[in-house]
Amino acid sequence: MIGRTHRTQAERREQTRTALLDATVDCLVDLGYARTSVQEICARAGVSKGAVQHHFSAKAELMAAAVEHLTEKLRGQLANSISALPGGASGVAAAIDLLWEGYSGTLSTAATELWVAARTDPELRAAIRPVDKALGRSTLEHITAVAGDLPKERAEILFWLTVNLTRGLALDAELGGDPNRRRQLLDEWKRVAVMLYEDAAT
């Protein structure tokens, strides 16, 4: 029996959409939001401009979808890594390292470009807010699931403190800050977080 070689219309459509989203993330990282054009995205994705209009009604929708596309990948990675963490205080420092890894790098660069632009672009702001909130909620669910006997409210506080610290450190990295200082701050926060965890769990 000869295997199927032709892609369905749905498969072709999904492949085109994925190519556009990957190209958008690449443009945000390489060029920044201001210099990212639909024409450049199409060139990198190898599709026509009409393909973008077929999938996305506005540039803001494309940008938000691209970050959502990237965060979905990272969310899956985080979920798998978090589920393997040891319970109790011994897993706190490892969880912070995972959040730093997830909220820095490519995601941080692309998202920072959009957050800055969204300050003066209501359409873009409305498009990316739900994406950002969904990532936070999903990751928080995984974190609280492995938090053991730690009260939910305390787990949420530690989580959001970590997220905001790592985002600030990621921005510092984008601006060329001292990597040794970033590591010292992250290590100090892990020490403090373990102490807070142990105090709350007793």
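A salt bridge is a side-chain nitrogen of Lys or Arg within 4 Å of a carboxyl oxygen of Asp or Glu. The exercises below concern a predicted model.

**Exercise 1.** Describe how the chain is divided into domains, and state how far apart the centres of domain 1 and domain 2 lie.

*Solution.* Begin with the domain assignment, which gives domain 1 as residues 7–56 and domain 2 as residues 58–201. Then take the C-alpha centres of domain 1 and domain 2, which lie 26 Å apart.

**Exercise 2.** Work out what the interface of domain 1 and domain 2 consists of, taking in turn its contacts, its buried area, its salt bridges and its polar contacts.

*Solution.* Start with the contacts, where 15 residues of domain 1 meet 18 residues of domain 2. Next comes the area buried between domain 1 and domain 2, which is about 1500 Å², with carbon and sulfur atoms giving 76% of that area. Within domain 1, the residues that lose the most area to domain 2 are L28, Y33 and F56, and together they account for 43% of what that side buries. Now apply the definition from the opening: across this interface the rule finds zero salt bridges. A search for polar contacts, on the other hand, finds three residue pairs across the interface of domain 1 and domain 2, with both residues at pLDDT 80 or more.

**Exercise 3.** Find which elements of domain 1 give two or more residues to the side that touches domain 2, and sort the residues of that side by class.

*Solution.* The elements that meet this condition are α1, residues 9–31, and α3, residues 49–55. Of the elements on this side, α1 gives the most, with eight residues. Sorted by class, the side of domain 1 that touches domain 2 holds eight nonpolar, five polar and two charged residues.

**Exercise 4.** Decide whether N164 and D172 are buried or exposed, and describe the surroundings of each residue.

*Solution.* First locate the residues: N164 is found in helix α8, which covers residues 152–174, and D172 lies in helix α8 as well. The relative accessible area of N164 is 51%, and because exposed means over 50%, N164 counts as exposed. For D172 the relative accessibility is 19%, and since buried means under 20%, D172 counts as buried. Turning to the surroundings, N164 and Y103 are 61 residues apart in sequence, while their C-alpha atoms are 9.4 Å apart in space. D172, when residues up to four places away in sequence are not counted, touches G177, D178, R181 and R182.

Notes
Residues numbered from 1 in each chain as written. Predicted model: local features only at pLDDT ≥ 70, side-chain atom pairs only at ≥ 80, totals over all residues. Heavy atoms only, no water. Domains from an automatic or database assignment. Contact = heavy atoms within 4.5 Å. Buried area = accessible area lost by both parts, 1.4 Å probe. Polar contact = N/O pair within 3.5 Å; in protein donor to acceptor, adjacent residues only side chain to side chain. Helix = DSSP H or I, 4+ residues; strand = E, 2+ residues; numbered from the N terminus. Nonpolar A, V, L, I, M, F, W, Y, C, P; charged D, E, K, R; others polar. Buried < 20%, exposed > 50% of the residue type's maximum accessible area, 1.4 Å probe, protein only.
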